[in-house]
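I opened my notebook to look at how helices pack and where nonpolar residues gather. Here is the model I worked from.

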Amino acid sequence: MTSVVLGVSAGIAVYKSCELLRLFTESGHDVRVVPTRDALRFVGEPTWAALSGNPVTTEVWQSVHEVPHVRIGQSADLVVVAPATADVLARAAHGMADDLLTNTLLTARCPVVFAPAMHTEMWEHPATRANVATLRERGAIVIEPAVGRLTGADTGPGRLPDPAEIFEVCRRVLAGGREDLAGRHVVVSAGGTREAIDPVRFIGNRSSGLQGYALARTAVARGAEVTLVAANVTLPDPAGAKVVRVESARQLRDAVLAAAEHADAVVMAAAVADFRPVRQSDTKIKKSSAEPDPIHLVKNPDILAELGEIRRARRETYVVGDGPYEAPGRGAGNGAGAPGEAAPGGPCPRVIVGFAAETDDVLANGRAKLRRKGCDLLVVNQVGENLAFGTPDNAAVVLTAEGDSVDIPRGPKEDLADVVWDLVAQRLA
Ligand code: CTP
């Protein structure tokens with residue numbers, strides 16, 4: 001049985017950690033809750049003791065014969081601090097040992113995950129930024145807080161991510177997750193766009209966003225900085241990803257292209273509407289007229305093809321020496337680019353991945369699409385009744401620009417995501 005220490009510090013989000021605790025205990029982990037003194041103002045000791053089945057104390061002065069300030073940290077397989085306040089991050093970064101939680105953090109030799117929650121001003125303060133950087137340098141995983149409503153009326157970054165999302169990060173860490181995307185910035189699009197007909201109706205599609213969210217979650221777990229451009233998805237934000245919400249194909253395009261400028265890889269998992277109504281009515285269309293007006297459509301931009309085109313154009317206009325341009329500071333190899341010089345228009349992603357939903361002639365259509373859109377990898381899956389949309393499982397074939405293919409058997413969308421990141425990591429290496 002794995003031994004998990006759940007550190008809780010004094011933030012209003014403490015109540016969510018009761019749910020996190022349950023997720024751990026129900027999946028068979030032995031959890032020792034170590035609150036700070038003030039955390040008990042929000043949720044009391046009996047709740048933690050009853051939910052964990054273990055004694056709860058904040059102090060090093062109780063059960064001294066068991067040397068708790070050393071033993072709890074030493075015997076843990078994972079320490080997760082959720083919520084982690086600005087104060088606890090500061091004390092951990094400075095190696096303080098003024099309560100049982102900070103003693104535990106100093107003695108733990110296992111992975112440590114912090115899930116910060118605080119007001120935006122505190123999160124953005126240079127002191128907190130420096131403390132987070134210090135903790136990350138030392139190998140701790142500090143999950144980016146979610147963006148949304150905070151205590152009171154204000155909103156912004158600082159919310160504790162959904163307990164299920166924190167649990168997922170921890171589960172992966174316990175499973176011995178790789179950090180092969182550390183230092184990389186990846187952009188993932190997810191969900192399905194909506195093209196407005198009038199203020200009430202739209203043309204949409206069946207994409208749930210599950211595959212894109214699985215890609216974002218797994219990339220965070222592998223150490224990447226993740227921008228997730230989400231079109232009409234109702235799933236909880238993956239812990240640690242920066243989520244940009246959009247509705248239409250044109251909004252998705254703007255968000256993806258903006259984030260792609262500074263990305264190492266872009267994965268287009270979103271189902272993008274190919275067409276939109278020429279006209280959008282400002283008022284609700286009434287059924288008063290006998291015959292409905294036809295809805296005329298116009299083509300939307302093809303974002304994936306545009307990304308491929310931008311990259312091709314930049315490489316062509318900037319060939320120096322033996323190889324194509326690669327952005328400075330991104331491990332440019334084979335004589336690419338003049339040192340320190342930026343490419344015209346700024347950097348662009350080195351790896352571009354598309355998804356293709358096909359109902360028939362899956363592989364032939366996939367190969368043609370990969371060439372047409374100029375991407376490096378195309379994840380082709382067959383869609384239809386009960387296939388792919390809205391289900392937790394997926395199966396696919398990944399086609400590569402070199403003409404190879406990798407079969408991914410039916411399994412959780414997380415597994416498919418991991419294979420995609422394996423292939424992306426290989427190309428970035
Ligand atoms: N895509 C895009 N912009 C569009 C349409 C699709 O970026 N306007 C991206 C999708 O995100 C996906 C890939 O292109 O990664 C393939 O999408 P798909 O719908 O399968 O292809 P289409 O371009 O729509 O081609 P077709 O209609 O011929 O199947």
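Entry one: a helix pair. In this predicted model, I looked up helix α10, residues 210-221, and helix α14, residues 413-428. They pack at an angle of about 60°. Their axes are 8 Å apart. The angle makes α10 oblique to α14, because oblique covers what is left outside the roughly parallel, roughly antiparallel and roughly perpendicular ranges, and the perpendicular range is 65 to 115 degrees. I also noted the handedness: α10 and α14 cross in a right-handed way.

Entry two: the contact. Which residues of α10 meet α14? I listed Leu 210, Gln 211, Ala 214, Leu 215, Arg 217, Thr 218 and Ala 219. On the α14 side I found Lys 413, Glu 414, Leu 416, Ala 417, Asp 418, Val 420 and Trp 421. I sorted the residues of this contact into eight nonpolar, two polar and four charged.

Entry three: the cores. I looked up the largest nonpolar core, and it has 36 residues. Leu 215, Val 226, Leu 228, Val 353, Val 379, Trp 421 and Val 424 have the most contacts inside it. Several elements each supply at least two residues of this core, including α10, β11 (225-231) and β16 (351-358). Which element gives the most to this core? I found α14, with eight residues. Apart from this core lies another, of 29 residues. Phe 24, Val 33, Val 56 and Ala 115 are among them.

Entry four: one residue. I picked Leu 228 and left aside its neighbours within four places in sequence. Leu 228 is in contact with residues including Val 188, Ala 190, Tyr 213, Ala 216 and Val 244.

Note on methods:
Residues are numbered from 1 along each chain as its sequence is written. This is a predicted model: local features need pLDDT of at least 70, side-chain atom pairs count only at pLDDT 80 or more; totals for chains, interfaces and linings use all residues. Side-chain values use heavy atoms; hydrogens and water are left out. Axes are lines fitted to C-alpha atoms, for helices over the stretch in contact, and angles run from 0 to 180 degrees between N-to-C directions. Helices (H or I, at least four residues) and strands (E, at least two) are DSSP runs, numbered from the N terminus. Angles under 35 degrees count as roughly parallel, over 145 as roughly antiparallel, 65 to 115 as roughly perpendicular and the rest as oblique. A crossing is left-handed if the near helix is turned anticlockwise from the far one by less than a right angle, and right-handed if clockwise. Contact means heavy atoms within 4.5 Å. Ala, Val, Leu, Ile, Met, Phe, Trp, Tyr, Cys and Pro count as nonpolar, Asp, Glu, Lys and Arg as charged, and the others, Gly among them, as polar. A nonpolar core is a set of buried Ala, Val, Leu, Ile, Met, Phe, Trp, Tyr and Cys residues joined through side-chain atoms within 4.5 Å. Buried means under 20% relative accessible area, exposed over 50%, partly exposed in between (1.4 Å probe, protein chains only).
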